[in-house]
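User: Please take a close look at the interior of this model. I should like one connected account that also places the interior in the context of the rest of the chain.

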Amino acid sequence: METAGNRRLTDHVRSNWRKAVLVCRKCSKKLDGGFGPEGNERLAKALRKHLALKKGRKAAAGIVEVNCLGVCPKGAVTVVNGAQAREWLLVRRGADLDELAETLDLLQDRIAVS
Ligand code: FES
């Protein structure tokens, strides 16, 4: 039987993420694609593919779609770099993914997986 004395407040799950990037899912839906070589992919997926990141916790970085962040820009996607959460990015349709990865300090993660 569990008593109050041996109940832990948290458990831990390991991940390989060096950092986390939050991408607004609703902005991405409104753009209906807009990124990747064909211009028909959502930003989070295009960026993960561009960096050849593994899936889920095994990736070197987490690029995660989240609910509306309350900025709601026209023609762009709101992105939060977890390591620099005080300045959010508004990423325009068709933005250069190398430049974005550099801005988000994700290029190191691509090198780590290649
Ligand atoms: S729809 Fe993306 S921030 Fe609101």
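Analyst: Of the 114 residues of the chain, 33% count as buried. The model is a predicted one, and every value below is computed from it. The surface of the chain comes to about 7,900 Å², of which carbon and sulfur atoms supply 49%.

The framework around the interior can be stated briefly. Four helices and four strands make up the secondary structure, and their order from the N terminus is β-α-α-β-β-β-α-α. Contacts across the sequence are well represented: among those between residues at least 6 apart in sequence, 64% join residues at least 24 apart.

The largest nonpolar core contains 24 residues, and Leu-43, Ile-63 and Leu-106 have the most contacts inside it. At least two core residues come from each of β1 (20–24), α1 (25–31), α2 (43–50), β3 (76–81) and α3 (97–103). The greatest contribution is that of α2, which gives four residues.

Ile-63 serves as a viewpoint from which to inspect this core. Once neighbours within four places in sequence are set aside, the residues in contact with Ile-63 are Val-21, Val-23, Ala-44, Leu-47, Arg-48, Leu-51, Leu-53 and Leu-106. One of these partners, Leu-106, is itself named with Ile-63 among the residues with the most contacts inside the core.

Strand β1 also offers a view of the border of the interior, at Ala-20. Ala-20 has a relative accessible area of 26%, so this residue counts as partly exposed and not as buried, for which the value would have to be under 20%. With residues up to four places away left out, Ala-20 touches Gly-62, Val-80, Asn-81 and Gly-82. One of these contacts joins positions far apart in the chain: Ala-20 and Val-80 are separated by 60 residues in sequence, while their C-alpha atoms are 8.6 Å apart in space.

Charged side chains can be set against this nonpolar interior. The structure holds five salt bridges. In one of them, Asp-105 and Lys-19 meet at 3.4 Å, N to O. This pair ties together distant parts of the chain, 86 residues apart: Asp-105 belongs to the loop between α3 and α4 (107–113), and Lys-19 to the segment before β1. Are the two partners buried or exposed? Lys-19 has 10% relative accessibility and therefore counts as buried, whereas Asp-105, at 39%, counts as partly exposed. The backbone of Asp-105 also deserves attention, as its phi is near 60°, a positive value in a residue other than glycine.

A second salt bridge joins Lys-49 and Glu-41, with an N to O distance of 2.6 Å. Here the acidic partner is the buried one: Glu-41 has 13% relative accessibility, while Lys-49 is exposed at 54%.

Arg-42 pairs with Glu-65, their closest N and O atoms lying 2.8 Å apart. This salt bridge links the loop between α1 and α2, where Arg-42 is found, to strand β2 (62–66), which holds Glu-65; the two are 23 residues apart. Arg-42 is partly exposed, with a relative accessible area of 28%. The pair does not stand by itself, since Arg-25, Arg-42 and Glu-65 are linked in a network of salt bridges.

The loop between α1 and α2 also contains Asp-32. Although not a glycine, Asp-32 has a positive phi of about 55°. Its relative accessibility of 66% lies over the 50% limit, so Asp-32 counts as exposed.

Nonpolar side chains are also found at the surface. Val-71, Trp-88 and Leu-90 form a nonpolar patch there, with about 270 Å² of accessible area together. Within this patch, Val-71 is placed in the loop between β2 and β3. Val-71 counts as partly exposed because its relative accessibility is 39%, between the 20% and 50% limits.

Finally, there is the question of covalent cross-links. How many disulfides does a search of the whole structure find? The search finds zero. Two cysteines can be placed with respect to the surface: Cys-68 is partly exposed, with a relative accessible area of 37%, and Cys-72 is also partly exposed, at 39%.

Key: Residues numbered from 1 in each chain as written. Predicted model: local features only at pLDDT ≥ 70, side-chain atom pairs only at ≥ 80, totals over all residues. Heavy atoms only, no water. Core = buried A, V, L, I, M, F, W, Y, C linked by side-chain atoms within 4.5 Å. Buried < 20%, exposed > 50% of the residue type's maximum accessible area, 1.4 Å probe, protein only. Contact = heavy atoms within 4.5 Å. Patch = residues over 30% accessible without salt bridge, like charges linked within 9 Å, V, L, I, M, F, W, Y side chains within 5 Å. Areas by Shrake-Rupley, 256 points an atom, 1.4 Å probe, with all protein chains shown as cover. Salt bridge = Lys/Arg side-chain N within 4 Å of Asp/Glu carboxyl O. Disulfide = S-S within 2.5 Å.
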